[in-house]
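Thanks for making the time this morning. Please have the model open in front of you while I go through a few points on it.

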Amino acid sequence: MSTGGALAGIRVLEVGDMVAVPYCGKLLADLGAELIKVEHPVQGDEARGRGPFAKGHSHLEKSCLFLYLNTNKLGVTLDLAHAQGKAMFFDLARKVDVIIEDKLPREKAALGWDDEALRHENPGLITASITAFGETGPYKNYRARHINLYQSAGDGLVYVGKEYVDREPLQGPGYQADYESAIGACSAIMAALFFRGNTGIGQHIDLSKQEWCLSLNAMYLGKYANGGLPVIRSNPALPFGGVIPCKDGYVMLLIVENHHWQRLVKAMGDPPIFHDDRFATLMGRAKHGEEINRHLAEFFVQCNKEEIYHQLQQQGIPIAPVATVDEVVASPQLASRDYFVEIAHPAVGKALYPSVPYRFSGLPRRADRPAPLLGEHNAEVYERLLGLDEPELRSLRETGVI
Amino acid sequence: MQTLSGVRVADFTWALAGPFGTSLLAMMGAEVIKIESRKKLDSARHVAALYGWTEEPDVDKSVEFNLVNPGKLSLSLDLSNPKGVDIAKRLVACCDVVVDNFSAGVMARVGLGYPVLCEIKPDIIVASSAYSGQQGPESSYLGYAPLFHAASGMAYVSGYEDSPPAYNRGRTDTIVGGVVAMAILAALNHRQRTGKGQYIDISSRETISGLIGHFFMDYALNGNIPARCGNEEGLLCPHNCYPCRGDDRWITIAVATDQEWRALRAAMGNPNWAIEARFAERESRWQHRKELDAKIALWTRDFEAEQLTNLLQEAGVSAMHNIGSKEVVSDPHIRERGLLKEVEHPKLGKQVVFGPPFRMSVTPPQIAAPSPLMGEHNDYVLQDVLGLTPDEVALLESQGVLD
């Protein structure tokens, strides 16, 4: 299963709910790691209870979120609150290279979970804590869902423009900040693996999702810290252009450089108004952006977004359609790169899943497997790694440990 | 010893996406040599002028550039000059990783395509990040962050339910940089085990589509086309930003269960309106969410945001004050963890930068230096790394190769 991937031979234990830790696990699994996901024996990962569900009704095996975030993993159940469950978890920790988890410091303390003690028995172990606010500081035990995280990281100000000023700050769609944090955690883990490959030394990673997301916006948020003006929602986003309505939806137009402007004017049939001196320079266009927008609106409202996208891009003009999910799935560009892959799952059948954003010349693409059913790999994993036999497993099932 | 000690990166990236990725590598101890030119200036060195907000400034005095390029070295090199390309090739021979985020095909046109680099250094890792990736019918199209935000499907689902799609700023770029770093680190692990390098083709559009994966599953399994839903998340209720005392201060409150609702209600002092039956259970509460939001906003607006966060967290409610440009400097938690660092920049003076964005217990990432001045490390790179004599460097200088 893990032959040939960049992380072939690396075994990861995942203890986490919803998005950040599971997506981090998926990223590692997609790169070839053997990923063992530990879930609560009854309700499983909280994402299993989040809609939308396949065919509408709530079902532990049919959550769209869970199905996407947990491909290529082995799934086991384990009750960490149970003494025997805890002992089995610590046994598993001796057999893995990496542990990723999202427990708050107070939750870890209550479980008697001590990363350094685990490392004492397994010196190369890499442990990664992925929490909203990190493991130190006054907010370390604060609970946060996506909207709390998103707005605690400067992100409500990412959407700027007059239309937002009088309304409540906006969150990113879905679980954007959690997904993004997983990418930072995955990078830190692979850096630690590289260091361990050179030295044999494991270590602990503390990723605060808040800090990672603040860093993503450093170029904007950091201006005020350096004596500049704060970024606020009433700032103009772009001199002109941006999201423009067209006949069947919207396009996104980003005209910055002079030659892009000149090409756009030509593509619009060379309207005499655009030869006005006011529009001759970058600064002039920025100053008269609203007037330019009025002319752009008249032009684009007559266009079909996909047609005008190809037509203008072929003339070297930066534009894109504001695509809906079905349009993304139908994109010839993505199809040519096999971005969407079909995966069959026992409870929901075959479906097209988004795959990976990279292609490695020296590595085959992984043959994807569906998200595990709750406890699907209990026997396989506990027999192989902990040497448990069928009567022992039966007894663990009966006592609710697995 | 640092995490990536001994790893040298030839960094051809510019603007925001690539440079954020290579700044992570620099913080972890890789030697990142930025190859740049005044002839094709990195837009981060003159952002405001690029957008027409200001006149052309000093390229060594960009606060934005300093924020995304700390700890890197700069070699100024004109790649439109064959001698510049020659120097670049000699540098690649001394590097482990080459990375760019030009439009697809630019590196090959310059004479630095993967087959060429592979001949110079067979185990080289080359990562290219572009709007649509390196192949396919749209690979030649131009792409900036707002464009791949739009084409990925993310823009369409960003915004209030009654507004047009929302325009997203630079984080769409920087997260692609995160994937660039991630892919390079995967390849470094692979090379460590097998001795083999490789070429990595990264698509910005695909990166962003991956961040809304569950929306694609709703389409695949149900045929649904998700729309914008503002600050909502499923049936969570209340779930929004609420105003607090002060200018543009807010708190987010996210309630998932009836138990959490009762905790919030108690924290508000169980006012009469809140104990009405229509708010008691999740589905009914969600149906009356607009009314509920208005009532809660009347309560929150008399509080300092930070105080209210503390009060609600103590009560077991997920709540957090919003943090923007000002709060990031003053917030006690961010201060105690020390995310903001001060560096001494030779032309800008004391500058605040962000990072590192994660901690490692044995090999802590660090910000070792400010961003480089244009060509600041020409002598180091050309003489110490490539072994050129001072006379040879002076000749290149006089020929305009180091512009």
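I will take the cysteines, then a helix, and then a charged patch on the surface.

This is a predicted model, so please hear everything that follows as computed from the predicted atoms. Let me begin with the cysteines, where the count of disulfides over all chains comes to zero. B:C95 is in no disulfide, and the nearest cysteine sulfur, which belongs to B:C94, is 6.6 Å away, whereas a pair of sulfurs has to lie within 2.5 Å to be counted as a disulfide. As for its surroundings, B:C95 is buried, with a relative accessible area of 0%.

What about B:C244, and why does that residue have no bond to B:C241? The sulfur in B:C241 is the closest cysteine sulfur to that of B:C244, but because the two are 9.7 Å apart, they are too far from each other for a bond. B:C244 is also buried, in this case with a relative accessible area of 6%.

Turning to the helix, α1 of chain B covers residues 17–27 and is mostly covered, with 11 of its 11 residues buried. Among those buried residues are B:P19 and B:F20, together with B:L24, B:L25 and B:M27. Just after α1(B) comes B:G29, which takes a positive phi of about 100 degrees.

Finally, at the surface, B:D379, B:D384, B:E397 and B:D403 form a negative patch. One of these residues, B:E397, has its place in helix α18 of chain B, which is made up of residues 390–398.

I am happy to take questions.

Definitions and conventions
Residues numbered from 1 in each chain as written. Chains lettered and ligands numbered in written order. Predicted model: local features only at pLDDT ≥ 70, side-chain atom pairs only at ≥ 80, totals over all residues. Heavy atoms only, no water. Buried < 20%, exposed > 50% of the residue type's maximum accessible area, 1.4 Å probe, protein only. Patch = residues over 30% accessible without salt bridge, like charges linked within 9 Å, V, L, I, M, F, W, Y side chains within 5 Å. Areas by Shrake-Rupley, 256 points an atom, 1.4 Å probe, with all protein chains shown as cover. Salt bridge = Lys/Arg side-chain N within 4 Å of Asp/Glu carboxyl O. Lys, Arg positive; Asp, Glu negative; His and termini not counted. Charge placed at Lys NZ, Arg CZ, Asp CG, Glu CD. Helix = DSSP H or I, 4+ residues; strand = E, 2+ residues; numbered from the N terminus.
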